[in-house]
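Notebook, pocket and surroundings. I wanted to look up what lines the main open space and then follow some of the lining elements.

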Amino acid sequence: EFAVKKNFSYIPGIPFPWDDLSHMMEGLNPGLHIIAARPSVGKTSFVLQCMNFWCELGYKVAFNCLDMSVTEMIKRPVASLSFISPKRMKLGWASPDEVYRVKEASAKIRQWGDDGLFTPTLETDVDKLKAWAEIRHKAGKLDILVIDFAQKFRLKGVTSEYETVT
């Protein structure tokens with residue numbers, strides 16, 4: 001429905017920001033999708049661009065990243081939308097035009113949150129996150145759940161050399 005309204009050629013799944021990828025994969029279809037690569041090649045940036053695009057189309061997206069605080073999880077989409085690196089923002093090297101773009105991007109992210117289109121989460125227990133996502137999805141409040149750093153999830157009964165989770 002969204003694809004037709006936004007003048008995409010028919011794609012059965014949720015479209016990606018890039019037409020070639022959308023057509024190659026027939027959009028994002030229900031199920032588990034894993035994006036894997038070596039460190040620092042842009043996996044999170046790729047997903048953030050997708051999330052921004054999906055929110056613009058009206059999809060309800062939750063972002064669970066176990067490597068960042070909520071503040072950092074908000075800064076990344078703001079940086080992605082404003083095309084300003086998080087480092088430039090943090091160090092105060094932004095020009096007046098860049099500061100304006102950051103404010104506009106921040107307002108857009110805030111609006112998405114108010115509209116229920118973007119929800120950051122910090123759940124570390126896989127069972128609790130699954131239950132939360134299922135409840136939100138059945139209530140029509142969640143279309144896509146993005147999990148970054150899934151390897152940091154805690155599973156009941158799993159023992160590592162550092163801790164036992166019960």
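I began with the lining of the largest pocket in this predicted model. I found 50 residues in that lining, and those nearest the pocket centre are His33, Leu145, Val146, Ile147 and Asp148. I then looked up which elements give two or more residues to the lining: helices H2 (19-25), H3 (43-57), H4 (70-82), H5 (86-91) and H7 (126-138), and strand S3 (144-148). For the volume of the largest pocket I noted about 1700 Å³. I sorted the lining by class and got 31 nonpolar, eight polar and eleven charged residues.

Next entry: S3. I checked its two faces; Ile144, Val146 and Asp148 are on the covered one, while Leu145 and Ile147 are on the uncovered one. I recalled that side chains in a regular strand alternate between the two faces of the sheet. I looked for a pairing partner and found strand S1 (residues 61-65), which runs parallel to S3 with five bridges. Opposite Val146 of S3 I found Phe63.

Last entry: H7. I counted 13 residues in H7, and its span from first to last C-alpha is 18 Å, close to the 18 Å expected at 1.5 Å a residue. I listed Leu129, Ala133 and Arg136 as buried in H7. Viewed down the H7 axis, the buried residues fall within an arc of 70°, so I put them on one face of the helix. On the other side of H7 I noted Lys128, Lys130, Ile135 and Lys138 as exposed.

How values were computed
Residues are numbered from 1 along each chain as its sequence is written. This is a predicted model: local features need pLDDT of at least 70, side-chain atom pairs count only at pLDDT 80 or more; totals for chains, interfaces and linings use all residues. Side-chain values use heavy atoms; hydrogens and water are left out. On a 1 Å grid over the protein atoms alone, a cavity is a set of points where a 1.4 Å probe fits but cannot get out, and a pocket is an open set with protein on both sides within 12 Å along at least five of seven lines; lining residues have an atom within 4 Å of a point. Grid points are joined across faces, edges and corners, and a volume is the space filled by probe spheres set on the points. Helices (H or I, at least four residues) and strands (E, at least two) are DSSP runs, numbered from the N terminus. Ala, Val, Leu, Ile, Met, Phe, Trp, Tyr, Cys and Pro count as nonpolar, Asp, Glu, Lys and Arg as charged, and the others, Gly among them, as polar. Buried means under 20% relative accessible area, exposed over 50%, partly exposed in between (1.4 Å probe, protein chains only). Two strands pair if DSSP finds at least two bridges between them. The expected span of a helix is 1.5 Å times one less than its number of residues. The arc is that of the directions from the helix axis to the C-beta atoms.
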